[in-house]
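Reader: I'd like a close look at one part of this model and what sits around it. Could you pick a helix and walk me through it, side chains, gaps and all?

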Amino acid sequence: MSEFLSMYLNWFSQAAEALEREVEGRLWEPPYDGLVVVGMGGSGIVGDVMYTLSIDRLDIPVTVVKDFTLPKWIRSGWLMIAVSYSGNTLETLLAVKEGLKRGVKVATVASGGKLTELAVSKDLPRVQVESGYAPRSAFPALLLSTLKLLSVLGLKLYEGLRSSIEVLRDVKGAEVLAEEVIRAVAGRIPFFIASTKYYPLAVRAKNEFNENTKVLAKAEVVPEWGHNDVVGWEGWKEPIAAVVFREAGNELMKFVAEHLRDSGVPVKEFEVEGSDYIGDILKWSQVVGIASVKLALELGIDPRVTKSISKYKAFLKDVLKLD
Ligand code: F6R
């Protein structure tokens with residue numbers, strides 16, 4: 001069995017380990033004027049989940065930055081959580097440095113690298129996650145550490161993480177669902193569609209198929225879907241497949257799936273909502289992760305290697321001299 005695949009199959013132990021990790025450094029305290037989560041790719045997806053969680057849980061503005069700079073309106077009084085598995089991602093490091101310059105209260109989640117070095121030198125609140133993973137395969141550790149860090153800093157976004165991770169024990173169940181995803185999308189361009197609540201999952205699925213399977217993929221969010229993307233499906237010609245993640249009883253998502261079916265596209269629907277949002281996000285991220293890795297292996301593609309990301313990062317460093 002591929003060593004990379006086993007990283008996904010072992011998410012329960014990764015998650016359990018992450019919950020044992022301590023928050024280090026001097027702590028910040030509320031009130032905060034706002035929360036910004038910075039990070040890219042497999043680390044940045046954590047920010048998307050924090051934003052979604054915050055919608056009905058926090059009464060301060062929350063934003064996600066996946067860029068080299070911060071918006072002008074983020075200033076002292078804000079809390080920043082910087083997530084970078086390697087700790088060496090340029091966009092994230094530049095946003096952090098700018099935040100520090102503006103007097104933003106910065107806290108970090110990383111496995112090491114320059115971000116951890118900076119956090120240690122300034123005694124910033126931080127969690128150092130287990131090293132040795134590819135960033136995207138370390139999603140449970142990054143997600144749970146961020147929630148834990150936020151909670152210690154006075155922003156309680158989610159209770160009961162210990163029971164949320166239980167869902168990851170059912171590896172066989174995840175593999176069965178992964179097989180359904182594979183059969184739905186093999187040989188086609190996958191379009192992952194979800195409501196705002198599960199949009200981070202659609203983005204995560206897209207990213208996993210990009211990075212592991214080396215295919216183009218797309219993520220769409222409803223209701224925005226109904227104002228543009230919906231028309232594109234009138235004239236589709238490419239080999240595409242729609243994967244709809246929907247909550248039970250969500251009539252709008254039912255309409256989306258029916259509409260796509262009527263337009264002749266192969267559609268696969270998954271009911272993703274259980275009783276625990278973080279459990280759902282972990283479980284379905286594991287399912288699409290396993291699917292994207294297994295499909296790559298079936299096609300003789302190495303799921304682990306991401307040559308083009310390395311090329312992009314080298315360009316930032318060597319040509320743009322961003323370091
Ligand atoms: C690699 C991956 C990438 C990285 C991204 C940022 O597994 O998923 O999307 O997450 O290039 O790097 P880190 O996560 O180290 O900040």
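Author: Sure, but one term first: a residue is buried under 20% relative accessible area, exposed over 50% and partly exposed in between, using a 1.4 Å probe and protein chains only. The model is predicted, so to speak from a record of rules: local features need pLDDT of at least 70, side-chain atom pairs count only at pLDDT 80 or more, and totals for chains, interfaces and linings use all residues. Numbering runs from 1 along each chain as its sequence is written, and side-chain values use heavy atoms, with hydrogens and water left out.

Let's take helix 2, residues 11-20, where Trp11, Phe12, Gln14, Ala15, Ala18 and Leu19 are buried. (Helices are DSSP runs of H or I with at least four residues, strands are E runs of at least two, and both are numbered from the N terminus.) Looking down the axis of helix 2, you'd find those buried residues within an arc of 165°, so they line one face of the helix; the arc is taken over directions from the helix axis to the C-beta atoms. An α-helix has 3.6 residues a turn, so residues three or four places apart point the same way.

What does that face pack against? The buried residues of helix 2 meet helix 1 (3-9), helix 6 (139-152), helix 7 (161-164), helix 9 and helix 12 (277-298), with contact meaning heavy atoms within 4.5 Å. Trp11 has a relative accessible area of 0%, so Trp11 is buried. Leaving out residues up to four places away in sequence, Trp11 touches Arg136, Ser137, Phe139, Pro140, Leu168, Arg204, Leu282, Ser285 and Gln286.

Two of those contacts of Trp11, Arg136 and Arg204, turn up again in the lining of the largest cavity, along with Gly41, Gly42, Ile45, Asn207, Glu208 and Glu211. On a 1 Å grid over the protein atoms alone, a cavity is a set of points where a 1.4 Å probe fits but cannot get out, while a pocket is an open set with protein on both sides within 12 Å along at least five of seven lines; lining residues have an atom within 4 Å of a point. The volume of this cavity is about 30 Å³, meaning the space filled by probe spheres set on points joined across faces, edges and corners. Helix 9 gives the most to its lining, with 4 residues. By class, the cavity lining has 1 nonpolar, 3 polar and 4 charged residues. (Nonpolar is Ala, Val, Leu, Ile, Met, Phe, Trp, Tyr, Cys and Pro; charged is Asp, Glu, Lys and Arg; the others, Gly among them, are polar.)

Gly41, Gly42 and Glu211 also appear, with Ile309 and Lys313, as the closest of 29 lining residues to the centre of the largest pocket, whose volume is about 710 Å³.

Follow helix 9 on to its aromatics. Rings of Phe, Tyr and Trp (its six-membered ring) pair if their centres lie within 6.5 Å; planes under 30 degrees apart are stacked, over 60 edge-to-face and the rest tilted. That gives 12 aromatic pairs. Phe192 and Phe209 make a tilted one, 5.6 Å centre to centre with 35° between the planes. Phe192 is in strand 6 (residues 189-195) and Phe209 in helix 9 (residues 199-213), so the pair ties together parts 17 residues apart in sequence. Phe209 is buried, at 1%. Together with Phe245, Phe270 and Trp284, Phe192 and Phe209 form one aromatic cluster.
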